[in-house]
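Thanks for making the time this morning. I would like to take you through one model, with the sequence and the structure on the screen while I talk.

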Amino acid sequence: MTQKTADKPTPVFHTVLADPEVPFPELTGGEPCRQTDSESWFPEQGDNGGFARSLCLTSCPVLQECRSWALANPQLASDGIWGGMTRSERNAVRRRQALQSLEAAA
Ligand code: SF4
């Protein structure tokens, strides 16, 4: 399910659910991604980012806000670990949300 653009197809669910009104979290300085090697949040291919994900999930004071922002802004949070989720996990959530929206509208 895609829309054609001049450059490349854009998944419709990104277009529908992208919400620039969801604010970037107000960071406190206590976020693990600000205290740890940033490369851990952008793991190489084949690395599931487990180290960064576990730190997000267990000790980030803005986990929910970060996750909401990342889910609403797929173009800005396209790669890496955001809100304790990998890119494929975020895409799966967006697909599920898009399907639920379509079902609710039907
Ligand atoms: S949830 Fe977001 S802000 Fe918190 S550590 Fe993870 S990437 Fe950083």
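I will go from the overall layout to confidence, then to the ligand and the core, and finally to three individual residues.

Please keep in mind throughout that this is a predicted model. The protein has five helices and two strands, and if you follow the chain from the N terminus, the order of the elements is β-β-α-α-α-α-α. Of the 106 residues in the protein, 16% are buried. As for the contacts, if we take those between residues at least 6 apart in sequence, 56% of them join residues at least 24 apart.

Before going into detail, a word on confidence. The mean pLDDT of the protein is 85, with 83% of the residues at 70 or more. Confidence is highest in α3, at 97, and lowest in strand β1, residues 2–3, where the mean is 38. Around that strand, residues 1–6 have a pLDDT that stays under 50, and the model gives this stretch twelve contacts beyond four places in sequence. The pLDDT is also below 50 over residues 8–16, a stretch with 19 contacts in the model beyond near neighbours in sequence. Where pLDDT is low, the predicted coordinates should not be read in detail.

Let me turn to the ligand. It is surrounded by 13 residues, and the closest of them are Glu31, Cys33, Cys56, Cys60 and Cys66. Sorted by class, this shell consists of ten nonpolar residues, two polar ones and one charged one. Two helices, α2 (32–35) and α4, each contribute at least two residues to the shell.

Helix α4 deserves a closer look. It spans residues 63–72, and within it Cys66, Arg67, Trp69, Ala70 and Leu71 are buried. These buried residues pack against α5, which covers residues 87–105. Cys66, already mentioned as one of the closest residues to the ligand, touches Pro25, Cys60, Trp82 and Gly83 when residues up to four places away in sequence are left out.

Now to the core. The largest nonpolar core has eleven residues, namely Ala52, Cys56, Cys60, Cys66, Trp69, Ala70, Leu71, Ala77, Ile81, Trp82 and Met85. Both α3 (50–59) and α4 supply at least two residues of this core, and the largest share, four residues, comes from α4. If you compare the lists, you will find Cys56, Cys60 and Cys66 in this core and also among the residues closest to the ligand.

That leaves the three individual residues, beginning with Trp41, which is found in the loop between α2 and α3. Is this tryptophan buried, partly exposed or exposed? Trp41 counts as partly exposed because 19 other C-beta atoms lie within 10 Å, whereas a buried residue would need 20 or more. Leaving aside residues up to four places away in sequence, Trp41 touches Cys33, Ala52, Gly80 and Ile81. The C-alpha atoms of Trp41 and Phe51, which are ten residues apart along the chain, are separated by 8.5 Å.

The second residue is Val62, in the loop between α3 and α4. With 18 other C-beta atoms within 10 Å, Val62 is partly exposed. Its contacts, again not counting residues up to four places away in sequence, are with Pro25, Leu27, Thr28 and Glu31. Val62 and Pro25 are 37 residues apart in sequence, and their C-alpha atoms are 6.6 Å apart in space.

The third is Gly50, which lies in helix α3. How many other C-beta atoms does Gly50 have within 10 Å? There are 12, and Gly50 is therefore exposed, since the cut-off for that class is 12 or fewer. Between the C-alpha atoms of Gly50 and Ile81, 31 residues apart along the chain, the separation is 9.3 Å.

That is where I will stop, and I am happy to go back to any part of the model.

Note on methods: Residues numbered from 1 in each chain as written. Predicted model: local features only at pLDDT ≥ 70, side-chain atom pairs only at ≥ 80, totals over all residues. Contact = placed C-beta atoms within 7 Å. Near = placed C-beta within 6 Å. Nonpolar A, V, L, I, M, F, W, Y, C, P; charged D, E, K, R; others polar. Core = buried A, V, L, I, M, F, W, Y, C linked by C-beta atoms within 7 Å. pLDDT = per-residue confidence, 0-100.
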